[in-house]
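Hello,

Here is the structure I promised to pass on to you. Please have a look at it first, and then read my notes below.

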Amino acid sequence: MMYRKLMIGAALAALTAGTAHAEAGDTLIRLRGIVVAPNETSGGVVPAFPTEKVGVNNSFMPEIDFTYMLTNQIGAELILATTKHNASGRTGTTGSIGKLASTWVLPPTLTLQYHLMPEGKIRPYVGAGINYTIFYSEKASKGLVAAVGKTKVSMKSSFGYALQAGVDIPINDRAFFNLDVKYIDIDTTARLATTAAGVQRTRIHLDPFVFGVGIGMRF
């Protein structure tokens, strides 16, 4: 229902907006609310639980991005946001524990965008680029510590690609409404140094979709 209302609002904005558009040399700053939805797969928790998989939850956070228009149609966008996620066991012993660990994720992403209709009232764009993801403030859950004792958690940083599509809809000559979706290639290895079960590792392919809705300003 909320998404439908946003789409109706966007359509009304498109019908009433002026024809102002971004040009070479302009900077676009967007503030979005985002949903980071991991499309994850994982290996086993090895060596102790090789058949047991790990799941990662969605996260909601604000995001800010900056786009510099190199030409009227080509822009370079830097995306900055950080989100917190929980990793949980799905089956067996780790599934009975549930939440295993939490981590903050910082995935700065740089994309090169192509704006299809830079002078239109509705201005769609597509983009592709690179991502470097840093995991920080990793922490074992209380349930894991109760099961295997004091545990140190670390997660390996990730380098991958990013794909993007979105649309800007003018509100006035400087402000605009934005809808955006990204797919980001993020892979990591989680290392759990436990007291009772030794060192356990699991390989996780997060590969999240990032859905964003927000507003922007042209400078």
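Please keep in mind that this is a predicted model. I started with an open sheet of four strands, in the order β2-β14-β13-β10 and with antiparallel pairing. At its edges stand β2 (41–42) and β10 (151–155); each has a single partner strand, so one side of each is left without a neighbour in the sheet. As general background, strands of a sheet pair through backbone hydrogen bonds, either parallel or antiparallel.

If you zoom in on the β2 edge, you will find two bridges that join β2 to β14 (residues 199–205), the two strands running antiparallel. In this pairing, T41 stands opposite H205 of β14.

Next, the nonpolar core. The largest one has 24 residues, and V54, F135, L144 and L206 are those with the most contacts inside it. Several elements supply at least two residues each, among them β1 (27–37), β9 (123–140), α3 (142–148) and two strands of the sheet above, β10 and β13 (187–194). The strand that gives the most to this core is β7, with three residues. In general, nonpolar side chains in soluble globular proteins tend to be buried together.

L144 is a good place to start looking around in there. Leaving aside residues up to four places away in sequence, L144 touches I97, K99, L100, G149, T151 and L192.

What about the aromatic rings? A search of the whole structure finds four aromatic pairs. One of them is F209 with F211, a stacked pair at 6.2 Å centre to centre, with 20 degrees between the planes. F209 counts as partly exposed because its relative accessibility is 33%, and F211 is partly exposed too, at 42%. These two residues belong to one aromatic cluster together with Y161 and Y183.

Finally, a loop that caught my eye: where does T71 sit, and what does its side chain reach? T71 lies in the loop between β4 (59–69) and β5 (74–80), and its side chain reaches two backbone nitrogens, that of Q73 at 3.1 Å and that of I74 at 3.0 Å. With a relative accessibility of 35%, T71 counts as partly exposed. Apart from residues up to four places away in sequence, T71 touches E23 and A24. To place T71 relative to the β2–β14 pairing, take H205: the two residues are 134 residues apart in sequence and 35 Å apart in space, C-alpha to C-alpha.

Happy browsing, and do write back with any questions.

Best wishes

Conventions:
Residues numbered from 1 in each chain as written. Predicted model: local features only at pLDDT ≥ 70, side-chain atom pairs only at ≥ 80, totals over all residues. Heavy atoms only, no water. Pairing = 2+ DSSP bridges. Phe/Tyr/Trp six-rings, centres within 6.5 Å; stacked < 30°, edge-to-face > 60°. Buried < 20%, exposed > 50% of the residue type's maximum accessible area, 1.4 Å probe, protein only. Contact = heavy atoms within 4.5 Å. Polar contact = N/O pair within 3.5 Å; in protein donor to acceptor, adjacent residues only side chain to side chain. Core = buried A, V, L, I, M, F, W, Y, C linked by side-chain atoms within 4.5 Å.
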